[in-house]
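Work through the exercises below with the model open. Each task is followed by its solution.

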Amino acid sequence: MPSEYLMYMAILLVGTLAIGAISVTMIAINGTMEDRAIETNLENISQNLAEIIHDLKSFCENQIQQGATSFTHSVMLSLPDEVHEESYIIKVSSDGINYYLDASLVENPELSVSINLLIPVDSITISGSIESSDPSPKVSYTFDGENSNIVLE
C-alpha cells in the first residue's frame, strides 16, 4: 500500500511539473509574439513614412527641375496614436552613407526597428523626429535655391 501511494504521488508530481513547464513555455511564447507584433507595427508605420518621404522628395525635385528657385512644401501625416497601447517615436539617423528611420517605443526603446531610406547622405539633408503624441506631425521639404532639406516635425 505505501509503494502504491508513492507511485501515485510520483505520477502526480510529474504531471504537475509537466503542466508547469508547458505554462511557462506558453507565457514565454506569448511575450515573444507580442514583441514581434509591436516590431511589425512599427515597421509598417516606418515603411509608410518612408514612402511619403520618397514621394515628397520626388515631387519637390520635379518642382526644382521645372525652375522653382525656393520653396517649402509640407505633407501632414496621419499616423496611429499608439502601438499596442504605447506611444512611439520615429527618428532620422544616418550611417554616413544612407539615411534610416529608427522607430521605437517611448517607454521600452529595446523594441525598435530601423528602415533604410536608400537616400544617400550627400544628396540631401534629412533630420528630425516624430512622436506619436504630436498633435499634427508633418514632413517638410525646403529648398533655398542651393540646398534641399527634409525635416520630420
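**Exercise 1.** State how much area the chain exposes and what share carbon and sulfur atoms supply.

Solution. The exposed area is about 9600 Å². Carbon and sulfur atoms supply 55% of it. The areas come from the Shrake-Rupley method with a 1.4 Å probe, and for residues only the protein chains shown count as cover. This is a predicted model: local features need pLDDT of at least 70, side-chain atom pairs count only at pLDDT 80 or more, and totals for chains, interfaces and linings use all residues. Residues are numbered from 1 along each chain as its sequence is written, and side-chain values use heavy atoms, with hydrogens and water left out.

**Exercise 2.** List the elements in order, then explain why the chain is more spread out than a compact globule.

Solution. Start at the N terminus: the order is α-β-β-β-β-β-β-β. Helices (H or I, at least four residues) and strands (E, at least two) are DSSP runs, numbered from the N terminus. The radius of gyration, over C-alpha atoms, is 25 Å. The globule rule (2.2 Å times the number of residues to the power 0.38) gives 15 Å for 153 residues, so the chain is more spread out than a compact globule. Next, take the principal axes: the C-alpha trace spans about 100 × 30 × 20 Å.

**Exercise 3.** Compare the reach of H1 with its expected span, then find its buried residues.

Solution. H1 covers residues 2-65. Its end-to-end C-alpha distance is 94 Å, close to the expected 94 Å (1.5 Å times one less than its number of residues). Buried residues (under 20% relative accessible area, 1.4 Å probe, protein chains only) of H1 include Ile-38, Leu-42, Lys-57 and Cys-60. After H1 comes Gly-67, with a positive phi near 110°.

Methods
Buried < 20%, exposed > 50% of the residue type's maximum accessible area, 1.4 Å probe, protein only.
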